[in-house]
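Hi everyone, thanks for coming. I'd like to walk you through one structure today, so have a look at it first and then we'll talk.

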Amino acid sequence: MLSKIKKTLFVVTTALILAACGPSTASSGEINPDDYVFRINKTWDRTGIRNHYHGGSNTGPIEWLSVEPLVQYIRSTDELHYLLAEEIVHNEDHTSTIKIRENAKWHTGEDFVADDVLAFFHINFVSVVNYLAKPLEKIDDKTVKVTWKEWMEPNEHVKNLLLAETKVGSVQYSVFKTYIDACQTILKSQERAPIGYKDWAPFGYINSKESETLYMQNYNSFKAINPRTFMATGPYKVDRVTQNQMVLVKNKDYYFADNVKFGQILAYNTPDINGVYNLLSTDKIDYQDGLAPEATLNSILNQNKKLAHLKMFDPGAIGLVFNMEKDIWSDKVREAFQYIFDREEMKNSGNKYGITSHYPLMGMAPSEAEAWMAKPDFERITKYNFDQTKATQLLQAAGWTKVGGKWQVNGNNVKLSLGYDGGHPGMSGVAEGVSSTLNTFGIELVLKRAADFGTWFDSAKTEESVYDFVVNWTDLNMSFSYPTGSFNYVLNDINGPIMHLPRFTQEDFDNGVITEEKLVGQTNISLPKADGSGDTFLISEYLPTMYSLTEEELHAKLADMVLGLATKNYGLSFYQNVTGSFINKDLIANLPLQEYIEQNRNVTHVPSVGSDEFYAVARTNFYFSQGILFSKGYYIPKV
Amino acid sequence: MKNSSINKLKRILTTIVTVVGGFFYKTRFLWKRIGFALVTLFLATVFGFFLIKLMPGDPITMFAKRLSDQRRIPLDDAYRLATLLLNYDPNISVWQQFVNYTAGLLKGDFGTSMFRDDVTVSLIVKDFLPWTLFVSSLALFVSFIVGIFMGGRMAYKRHGVGNLLSNSYIVTSGAVPDYLWGMILIFIFGVTLRWFPIQGNYDILLEFKGWPFILNVLYHAFLPIVAFSIVQIGGWALAMRGSAIGVLGEDYIYAAKARGLSERKIISRYLRRNSLLPLITSLAMSFAVLFGGSPLMEAIFNYPGFGSEFSKAIGTRDYFLIQGLMVFMSFVMIIANLIADSLYSLIDPRVRRNNS
């Protein structure tokens, strides 16, 4: 009897728990088993997704496959694809006219119109476009006019990229009317900025503290709204979502529906990289970005014969960045460090497929510097080869002595600490390589591994950091490849705080060292001009002007910046990173580099910058090209 | 008449006071425990709150970096966006935060995520705890049953191949961490043989109802349950063995043997049943421990459990969720302890007397 009760209790408990473990989002559509399915892994919030892009949740594949910009750029190549905008015309009178595609529609079936474009830019008041533009105008339902502040007007190239950076197809005016109108009211209640005003003034209105608070309150109310279906315009609609999987189905009313050849996207939500490798090995997914350690990569390809791995340039270089707060980094010592390492070996420790770099930290990754600079200027950048004799001479000139195989300064053994983000496999490999080289060379090194980026960055940027130098991206562009992104990364956002470069203070302004108050807090570094005149320039004054330069002016300023930074030896690059992607070659009909794939599915050929293959391979990378893969038909199933 | 009424009222009041006082006196051990539990809860809240503040890593920068990577926007834009999106004001003093947090707890609000105002501790408990309890309680059940059978046999037959094999199993399974067992199982049965799913809790392409769904859930839970059980069986077997060895010396076992009962009957009817009692208390406590989940194991199987969400909150430095989940788990443990202790006291008068 007791046994029966126990059994019954067990069954009831199990059933109750199972009942509680229900799906997080119910199905809303039918899944057609005859459709071609493309399977990916991209993580989203397991705690649920709010049905709009600005809801604060990580929406995973929805962000790339459903939410669209006016124009989409492909990372690393900057190739532009017109999506919600049919065309954007840049006029002589400092205006740009955005012509919205006639048949662009929201997933609900309603037209995507000019009001929606205005709504996006008004609710996202921190966008760079807002900063550079005067109030936007609706010409008609399908036309928007952007008037640029003529004193900060970006060049045509930048205008396109800025408009391409923003996911405009995410705020439907008719749904969020209350909040958009409130934004307009707050905006117009502010003081108008005078002509020539270069500080933060969205659409030419100066934000007061009070209005910023009102904006924030309004934005938070907007963020909290949860529409019935996900608000988007792109090639795929959200069909069902659970904690671990998501199904997106083709948007049959999409303006490029004919290009979209896959009926469904099945997405997995696996954050752990080993879990992702298992999904690839067991043929559960057809695509994955990135490289894996060589042995793992080959093992995955051996277990799943359908996969090929293509490689492409990543617009970033990895190496060492010095903490200039530490007295040890004199000019001579920094120069000596350029010669100590066999960079080919260091590259192999971090990424076997990377391209060895012999450059110092220079503000741009080698491939980008080559692409953007005038050729003669690029060729003037100093390259460093492995030469420990030269390094020894430089260190001795800096007052270092070698006693019993160990380097000393003022009679004390040199002991350095190297910080790195242990969550990044390439950087961990480089740190080990650096440790081995320096210990052999006679410099004692302590490796300081941080568990993740946040912890590492926190320790690196703090005053009197425990790190003497770090392994990091020396030069990296996070967004489109226009040089400002990379310079910002190097001088302001990440490497600037890590290098502890001097900054202008309020005192400098008060004492007349600087004439503009907005320079307070900016990097106080002067570099020699590249023309050999002996003149110098302040990098903080150069950077804000870079969006507005003509091609010729840009070449001149890039030469100044890159050659100037290279002379400083603030760091050294070991390799230009190469990334890649696993792709199911048996599923996709039109992959590039077929002849290489047939020879070896682990394709080691990295197409050179600017070549046709460079563009073709970048287009197949989901992280680089996002929804373009489908909306422009770059992925077509093999029939 | 008046005096008599007053006397009657006095008698009633005295009776009430005596009864109530008697109740409180008799159950004073319980109140003492409740008092201790409340103090422990308070300390858990305080420690939970302040320890989290000592964690390295700036959540705003980390969030901005993630936004920058995901949205491919410059980091300074991402940082400005992050400050808009975050439900966190770094300018509020820690003491004010503590007061706000404690006030929320008193209202039953364990906390809300820094990053999303629609993600609360209650939501995580509702959506993720059932999955954790499902897998870990089944694993506990399986390991308990297998463990007591193994332990009972080991106690009764202390020599022989079976005992040797059982001991080897216990040593091996105990020496290897549970997550490593998980990885081994995934490699053999998921990746190489492809018999079982390697991740997740069920297949999205199924209808969410009926037996196919339940079977699919069990199919997905199979490897995690086995991985959990492999490690736990050893512990239960050893506990059972220890308890059973004590029981083997009892007169009724000798009597049963003298009566010529079969070995099987002696083990099942006399040995196992009598050895089980001390293990039941441990089982109750183990059940409370299940609420914390197993972050590593859940991560390896990509199982949407409570532990993996807790681990994610730590990874993203979501202070509010971390402290809320920690306090929730402390509450569960303390209440489970309180119940187990109180039941023990109620059942066994000796414990009650000692406590008093």
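Okay, let's start with chain B. Keep in mind that this is a predicted model. The domain assignment splits chain B into domain 1, made of 1–55 + 86–115 + 316–356, and domain 2, which covers 130–305. The C-alpha centres of these two domains of chain B are 34 Å apart. So what do the two share? On the domain 1 side, 5 residues are in contact with 6 residues of domain 2 of chain B. And the side of domain 1 of chain B that touches domain 2 has 5 nonpolar residues, with no polar and no charged ones.

Now over to chain A, where I like the sheet. Four strands make an open sheet in chain A, in the order 1-12-11-10, with mixed pairing. Strand 1 (37–41) and strand 10 (236–241) of chain A sit at the edges with a single partner strand each, so one side of each has no neighbour in the sheet. Ignoring direction, neighbouring strands here are turned by 25° against each other on average. In the middle of that order, strands 11 and 12 of chain A pair antiparallel over 5 bridges. If you want a spot to click on, Met246(A) is opposite Ala267(A) in strand 12.

Last bit: how do the chains meet? We get 49 residues of chain A in contact with 49 residues of chain B. Several elements of chain A supply at least two residues each to that side, including helix 1 (2–20), helix 7 (209–224) and strand 11. Helix 16 of chain A gives the most, with 6 residues. By class, chain A's side has 17 nonpolar, 22 polar and 10 charged residues.

Key. Residues numbered from 1 in each chain as written. Chains lettered and ligands numbered in written order. Predicted model: local features only at pLDDT ≥ 70, side-chain atom pairs only at ≥ 80, totals over all residues. Pairing = 2+ DSSP bridges. Axes fitted to C-alpha atoms, helices over the stretch in contact; angles between N-to-C directions. Domains from an automatic or database assignment. Contact = placed C-beta atoms within 7 Å. Nonpolar A, V, L, I, M, F, W, Y, C, P; charged D, E, K, R; others polar.
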